[in-house]
Structure formats: C-alpha cells, structure tokens
Amino acid sequence: MTLADRPPAAALVFRTLLAHGPLTRAEVGRRTGLSPGAVTKVATPLLADGWITELGRPAVEKATGRPATLVAVRAERARLIGVKITGDELIGVLTDLTARPLATRRAELGSRDVGAVVLAVARLVAALRTQAGAGPESTEPEDAEPEDAERGGGVHGLGVTVSGDVDGRTGTVAYSPFLDWRRVPLARLVESATGVPTLIENDVRALTVAEQWFGAGVGLSSFALVTVGAGIGAGLSIGGRVVSGARGVAGEIGHLPVGGGDRVCTCGNTGCVEAVASTHAITDQARRATGDPGLTMRDAVRRAHDGDPAVRAVFARAGRAMGRALASVANLVGPERIIISGEGVASYDLYADQIRQTFAAHAFGAAADCDILVRPLPFEEWARGGAAVAAQQLFAPGA
Ligand SMILES: [Zn+2]
C-alpha cells in the first residue's frame, strides 16, 4: 500500500498521533471520533509498516481504569525537509518524522527568478541530505512501501514555505510580493527538480502549525501568531485547526486598514498596517523624518534608542497600528493567546507600550484579557514549520 492509497482515517489517526501522541487507542478514538474497531483497523497496517509503534510502558486508561498500551509515531521512520524562501535567502532544515531537526543549512539567493530559486532549493535539499547522511532507512520492515522515500533519496516529503498568497491545494504561489511572483506552480517545479514529494504553504501558516504542534501554542484551544518583519501576517489556530481560508488567504492582518491614509502599501492600497509598521515602512518613514535617504533599519533603531523624537514617533505610530490590528484579531477570534514573532521583535521595546495601550483601548470586553507573548523565532524554526506541514500531509488523500 502506498502512502496515498491509505484510507482517509489513516491520515486522521496519524496526524492526531503526530500532534498529540503518545496516546492510547481509546484516546485516539476519542480525539478523532473513530470507533475502537476503526482505530484498530487503521493502526494495524501502520504498526506493520513501522509508521507507528507501541510503547513498552502501559498507561492507565482514564475511562476504564485498566492498563492500556500507548501508541506513538516512530520518529526515525521518515525524514522530511522544510525550506523557507525569503527575498534573499533560503533556510532549510532536515528533520525526523516528529519534526525534530537533524541538520540545518542556509543559502543566499543571487536572484529571485523562479528558475534560479528552484535550482537553489534543489541544491539546498541535496546538501541537507548529504549533511545528514539521509539514505533510505535501513531498519524498515521488508514489506514497507519504499517508493516515495526511494524516489526522494531517503526523504519522504518536502515542505516549501513562502510569504504571500499561497494555495497549498494546487501547489501554486498566486502572488508573493517580496519575490514578485504571480501564479508560479512552485510545488510541481520543486518536486521535479528534487525528486522529493513536495507541498507548499504560506510561511506564517507553516510557522503556526509548528507553534501549535511543539511551540507556544501547545494545548491552547485557539491562538494567533502575528509575525512582524518585512511583511506583517498572522496565522490563526482555532479549535485545533490552522485556518487556511477558502481560497488560500486568511490572517492577512498586515492589510487591515488601520494604519492611516497617507501611506501606500505594497498591495497598492492605503491605510494598511504593513504600510506603517513593516521594517521597510519604518525605515522609509524614518528616512523622511530625518531627511537622511541612506538611513537603514539598524540606524533607525539606534537613533530611536538614542532618543531622536522624530524616529521615536515613527515607531510609536507603528505600535499604535499594530495595537489596533491585534485588538481586531482578539475581537474577531477571541484567542487564548497572541504570539508576536518575526524579525521586527528585535526592536519591540521601541513600540511595546503603544501596542499594549492601543490594544487595551480597542479590545472589546474580555477579549482584552488575551495573553500577549513576544517570542523571537529564528528562520530555522519557520523552516521547521515546512517540515511539520509535510509530515502532517504524508497520509493525506491524494498526497
Ligand atoms: Zn496592504
């Protein structure tokens, strides 16, 4: 049986064990809504093929009080690669099935041309495989299906993440402003260049999957991950699912129109949060405020720390726009927590007060009690999100 031939229930059980395991079979049934018979029917071939394993130590089953065996995914059963593409760099990580990193690597992008980027991804994937010595696994049971991993040189799946309007279902980047790409069939191009089964995902959504699975979102019924940097985006996890939108777009808080009408956004509109609070927008406004056209973001941060009132006002405005955007998220979704991450958190102290004050002023009722957590995450963690998405989709129908 190939991965994609397995019944949909297999994908459900496997994903549940990935995100919440180890679990007893009864707990898997409760979490998936499958009957005990259906869980056993799905788990037996997964056990036989070495995708999941029974742990030696029994747990006491809550419902019956009887000892029950825990089942868990076998981390070493598969290797996955996640790659994040930024405007000027690739960040890659090779992981085991539980998205634990085994090797990481970065590569500069000389060009944003689609062909050049695809070639660079293929080189990065090859280098990661060499670095980790990722040959076909030697401990596979003899009847395991070898085709996917053999085709990918020991790697079962590749998750490539890009900012912008990314349709994971069709494998197409509809629009990525930083790469200046439109309608790029990226999954197909990368898969044929690497030989590894490939899916693509919006980079913030992939990071949200990682936070939900093994980060600051573990165990929360809902949370929002807001990333501040070259762009401003959000991933929304509601009821244990990361919202992907009916047409691939969701959580685009950078384009909420709360920034004021005097600045034009990368999307062409005015008033977007991103037009006043992205790193580009802050740099641009600081240049205008100081009359120094060569000013960098680092210079702006230094000047603000030195007390330059014009530059401090730029950060303050960014903070107020962010605070309104976060309040909008809290009012619409009511998350338990909002996690703020991205390169922009390096200068968070310069607008933290404005964010918190504006958030408190605009969050409605109990939505204001939402926990706000600032959490720097390196790009390797974003890439790991790509591997996590690839792991979750291993058994997806049509994978
Ligand atoms: Zn915009």
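These are my notebook entries on a few features I looked up in this structure, which is a predicted model.

**Entry 1: the sheet**

I began with a sheet and asked in what order its strands lie. Five strands form an open sheet, and I read the order as S8-S7-S6-S9-S13, with mixed pairing. I then looked at the edges, where I found strand S8 (101-108) and strand S13 (198-202). Each of these two has a single partner strand, so one side of each is left without a neighbour in the sheet. From one strand to the next, the twist averages 20°.

Next I followed one pair inside the sheet. Strand S6 (residues 79-85) and strand S9 (residues 157-162) run parallel and are joined by six bridges. If you want a spot to find by eye, try Lys84, which stands opposite Thr161 in S9.

**Entry 2: helices on the sheet**

Which strands does helix H4 lie across? I found that H4 (residues 114-132) lies across S6, strand S7 (89-96), S8 and S9, and that it runs at about 145° to S8. Helix H13 (residues 379-392) packs on the sheet too, touching S6, S7, S8, S9 and S13. The direction of H13 makes about 130° with that of S6.

**Entry 3: helix H7**

I checked the length of helix H7 (residues 203-214) against expectation. At 1.5 Å a residue, its 12 residues should span 16 Å, and the end C-alpha atoms are indeed 16 Å apart, which agrees.

Is H7 enclosed or open to the outside? I counted 11 of its 12 residues as buried, so H7 is largely enclosed by the rest of the structure. The buried residues include Asp203, Arg205 and Glu211, along with Leu207 and Trp213. At the start of H7, I noticed that a side-chain oxygen of Asn202 comes to within 2.9 Å of the backbone nitrogen of Val204.

**Entry 4: Pro335**

Where does Pro335 lie? I found Pro335 in the loop between helix H11 (309-333) and strand S17 (337-341). Pro335 has a relative accessible area of 6%, so I noted it as buried. Leaving out residues up to four places away in sequence, Pro335 touches Ser222, Phe223, Ala224, Val329, Ala330 and Cys370. I also looked at Ala367, which is 32 residues from Pro335 along the chain; their C-alpha atoms are separated by 7.9 Å.

**Entry 5: cysteines**

How many disulfides does the structure hold? I found zero. I looked up two cysteines as well: Cys265 is buried at a relative accessible area of 7%, and Cys272 also counts as buried, at 2%.

Note on methods. Residues are numbered from 1 along each chain as its sequence is written. This is a predicted model: local features need pLDDT of at least 70, side-chain atom pairs count only at pLDDT 80 or more; totals for chains, interfaces and linings use all residues. Side-chain values use heavy atoms; hydrogens and water are left out. A disulfide is a pair of cysteine sulfur atoms within 2.5 Å. Buried means under 20% relative accessible area, exposed over 50%, partly exposed in between (1.4 Å probe, protein chains only). Helices (H or I, at least four residues) and strands (E, at least two) are DSSP runs, numbered from the N terminus. Contact means heavy atoms within 4.5 Å. Two strands pair if DSSP finds at least two bridges between them. Axes are lines fitted to C-alpha atoms, for helices over the stretch in contact, and angles run from 0 to 180 degrees between N-to-C directions. The expected span of a helix is 1.5 Å times one less than its number of residues. A polar contact is a pair of N or O atoms within 3.5 Å; within protein, one must be able to donate a hydrogen and the other to accept it, and residues adjacent in sequence count only if both atoms are side-chain atoms.
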